[in-house]
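Me: I'm new to this one, so could you walk me through it with a few questions and answers?

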Amino acid sequence: MADDALLKQLEESTKDAVRHQAETLHSILQHQSGVRYLQRYLSDVDDQNAPIDAATFRRSVPLSSYDDYADYINQLADGACSDDHLLSVDPLVCFFYSSGTSSMKPKLIPYFDSALSKAASYIAHQGSAAVLRRFFPPRPEVNRRLAFIYADSITTTKGGFKVMAASSFPLQNSSSNANRSLFTSLTSSKEVILGSNVEHQMYCHLLCGLRNSDYVDAIHAPYAPGLIKALGVLESKWEQLCEDIRKGFPCLEIDDVLMRDSVVEVLDGPQPDLSNRIRLICEEKDWGGILHKLWPNVRYIRCITTGSMKQYYSKLKYYAGVIPLLGGDYFSSECCVAINLDIKQPPDMTKFVMLPTAAYFEFLPFDSTENKVVGEETVDVSGVEVGKMYEVVVTTYRGFYRYRLGDIVRVVDFYNSSPLLEFVMRAPKTSYEIVSEGDLMAAVESFQPLLRNIMGMEVEIVEFTSFLDFDLSPKRLKIFVEVKDCDMFSQDKLQESILLLRKCCSALEDSLGSIYKVQRDKGEMHPLSLSILKRGSFDRLLQGAIKNGAASQYKPPKIIRNRDIVNVMEGYVLVTICLESLCA
């Protein structure tokens with residue numbers, strides 16, 4: 001379908017969102033009428049032959065979360081009930097890892113071979129590509145993409161089904177015409193993308209991208225942390241990269257034979273002039289605007305920087321210089337939710353147009369002052385109000401029914417009749433969570449300049465997370481922070497740093513939101529503890545995620561709910577500051 005036709009179809013679907021939503025729900029329920037999960041709730045509907053309307057559906061089928069599907073999904077993964085239509089009448093193809101990170105092990109999202117879902121996804125994904133081409137028309141001479149993507153950690157369930165990241169799925173079938181075109185548009189070889197060592201793949205992505213630097217039109221990564229990590233590799237290993245380009249083959253550390261041979265082919269022999277050009281740029285160690293300096297023809301950089309990714313935006317802008325950073329779309333592993341029609345906006349201004357034909361959407365009112373949803377009554381697309389916040393609930397073509405997606409959005413306006421959404425944060429898991437993801441990010445954002453003022457401009461927060469410890473009485477919020485290499489945390493200056501940290505710890509606590517403040521004032525909370533971690537601590541969390549198959553979609557957790565992860569973090573603590581005492 002031509003771009004104009006795609007964009008027109010997207011536009012038309014937003015003009016009568018209520019009708020399209022009713023048709024979408026009808027289509028899903030009609031197609032999935034034989035599904036066992038639905039029959040549990042709809043078997044008592046009076047007229048089995050009449051179409052089930054939205055009101056009956058919402059009255060009969062309860063809201064659900066992943067735990068409600070876990071037994072079914074485990075049975076499917078084991079191959080025990082492949083013909084019983086547990087969640088869908090369509091054949092099961094594989095499983096996707098979820099991108100959630102509050103535990104070390106991602107959830108399994110079943111992927112069914114659904115023609116209806118494929119049609120809806122096609123409009124969303126191809127529409128997104130058409131929006132991009134509208135802003136940046138293709139150039140025949142400069143048409144390569146440096147993409148930090150990984151078809152990584154493919155595992156197999158007991159029943160013989162593959163498990164992978166959703167972003168890996170289109171990369172697995174390299175024989176199709178569309179995927180052959182995808183691979184030829186990238187600077188890296190197929191063997192690099194399909195490799196098994198993420199750190200080596202990242203290095204080889206950089207190597208191949210530098211070799212083709214004059215032909216790179218765009219730089220891409222699924223999520224901002226992945227691109228930040230790759231640019232950290234560039235900073236630390238630029239000399240080795242230059243040496244490899246000069247000699248025409250990768251360093252011996254790259255020991256995957258297929259990946260190594262493919263990179264040798266991309267390098268195409270010794271390139272001393274290119275190596276010298278890159279060396280002259282990098283040896284200045286001025287990393288501001290480095291992406292434009294090394295890839296002068298790049299027109300844009302694209303990765304997700306909304307929600308919990310917003311903290312990386314300023315760092316990416318530093319690396320990008322004059323190159324614009326484009327926002328992504330609001331697509332989840334379960335379904336496409338909304339599309340970004342104005343991709344040049346920064347995270348604070350990014351808005352998503354809900355896709356009325358992608359799934360059936362409901363919205364649970366969310367009270368930000370209480371940090372929780374209000375009751376169990378949802379509103380549909382016709383009932384949302386501008387300025388209010390909601391948790392998104394989806395009924396999909398692929399086996400989820402009134403499923404709480406776990407995302408909090410704010411309705412900021414309407415695009416035609418379709419809600420225009422702002423992604424706010426991940427939803428709290430329980431009513432006991434007194435600090436939201438948004439509260440924590442805002443507090444650390446205000447803490448960073450204070451830390452620099454007190455301890456020096458070289459102090460930079462690399463990553464952070466938190467854990468609410470209920471084992472203590474009263475409970476205590478623990479914040480873990482990793483900072484970039486800095487003299488202030490060397491052993492001989494550690495005591496001086498502790499004194500300085502204590503000065504700004506109270507300011508961090510004061511910024512943690514109203515619910516935290518009320519409970520702290522009532523004595524229902526221990527004073528905050530702030531732990532400074534050794535360099536590389538969050539990389540070790542990444543390694544754990546890679547072992548569990550989530551490398552491509554890994555997002556460092558802002559709120560940890562798994563004690564095992566906290567135990568890992570506490571093993572890397574340099575020093576812990578508590579307001580009432582020194583805890584280290």
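Reply: Sure. One term to start with: a residue counts as buried when its relative accessible area is under 20%, as exposed when that is over 50%, and as partly exposed in between. Also keep in mind that this is a predicted model.

Me: Okay, let's try that out. Is Cys336 buried or exposed?

Reply: The relative accessibility of Cys336 is 7%. The cut-off for burial is under 20%. So Cys336 counts as buried.

Me: And how many disulfides does the whole structure have?

Reply: A disulfide is a covalent bond between the sulfur atoms of two cysteines. Here, a search of the whole structure turns up a count of zero.

Me: Why is there no bond between Cys336 and Cys335?

Reply: Cys335 is buried too, at 8% relative accessibility. For Cys335, the nearest cysteine sulfur is that of Cys336. A disulfide needs the two sulfur atoms within 2.5 Å. The sulfur of Cys336 is too far from that of Cys335 for a bond, at 6.9 Å.

Me: Let's move on to charges. How many salt bridges are there?

Reply: Side chains of opposite charge can pair when their charged atoms come close. In this model, the count of salt bridges comes to 30.

Me: Which residue does Lys118 pair with?

Reply: Lys118 is partly exposed, with a relative accessible area of 42%. Its partner is partly exposed as well, at 32%. The two side chains meet at 2.6 Å, N to O, and the partner of Lys118 is Asp113.

Me: Which helix holds both Arg246 and Glu243?

Reply: The side chains of Arg246 and Glu243 form a salt bridge at 2.5 Å, N to O. Arg246 is partly exposed at 38%, and Glu243 is partly exposed at 23%. They sit three residues apart, about one turn of the helix, and that helix is α11 (residues 224–247).

Me: What about Glu422 and Arg410: how many residues apart in sequence are the parts they tie together?

Reply: Their side chains meet in a salt bridge at 2.3 Å, N to O. Glu422 lies in strand β16 (residues 418–426) and Arg410 in strand β15 (residues 403–415), so the pair ties together parts whose separation in sequence is twelve residues.

Me: Which of that pair, Glu422 or Arg410, counts as buried?

Reply: Arg410 has a relative accessible area of 27%, which makes this residue partly exposed. At 16% relative accessibility, the buried one is Glu422.

Me: Which residues are linked with Asp469 in a network of salt bridges?

Reply: This is a network rather than a lone pair. Linked with Asp469 there are Asp471, Lys478, Arg563 and Glu570.

Me: Now for empty space. How many cavities of 30 Å³ or more are there, and which helix gives the largest share of the lining of the second largest?

Reply: The count comes to two cavities, and the second largest holds about 30 Å³ of space. Its lining is made up of Leu10, Ala120, Ile123, Ala124, Leu355, Thr357 and Ala358. Those residues divide into six nonpolar, one polar and no charged. The largest share, three residues, comes from helix α6 (residues 115–135).

Me: Where do the buried residues Ile515, Tyr516 and Gln519 sit around α18?

Reply: Ile515, Tyr516 and Gln519 are buried in helix α18 (residues 514–521). They cover an arc of only 100° around the axis, which puts them on the same side of α18.

Me: What follows α18?

Reply: The residue there has a positive phi, near 80°. It is Gly523.

Me: Any backbone oddities? Which residue does Ser473 join through a cis peptide bond?

Reply: Most residues other than glycine have a negative phi, and most peptide bonds are trans. This bond has an omega of about -5°. Ser473's partner lies in the loop between β17 (461–469) and β18 (476–483). That partner is Pro474.

Me: Arg402 and Asn416 have a positive phi without being glycines. Which of them is buried?

Reply: Each has a phi of about 55°. Asn416, in the loop between β15 and β16, is partly exposed at 40%. The other lies in the loop between β14 (389–395) and β15. At 4% relative accessibility, the buried one is Arg402.

Technical notes:
Residues numbered from 1 in each chain as written. Predicted model: local features only at pLDDT ≥ 70, side-chain atom pairs only at ≥ 80, totals over all residues. Heavy atoms only, no water. 1 Å grid on protein atoms, 1.4 Å probe; cavity = no way out; pocket = protein on both sides within 12 Å on 5 of 7 lines; lining within 4 Å. Points joined across faces, edges and corners; volume = space filled by probe spheres on them. Helix = DSSP H or I, 4+ residues; strand = E, 2+ residues; numbered from the N terminus. Nonpolar A, V, L, I, M, F, W, Y, C, P; charged D, E, K, R; others polar. Salt bridge = Lys/Arg side-chain N within 4 Å of Asp/Glu carboxyl O. Buried < 20%, exposed > 50% of the residue type's maximum accessible area, 1.4 Å probe, protein only. Arc of directions from axis to C-beta.
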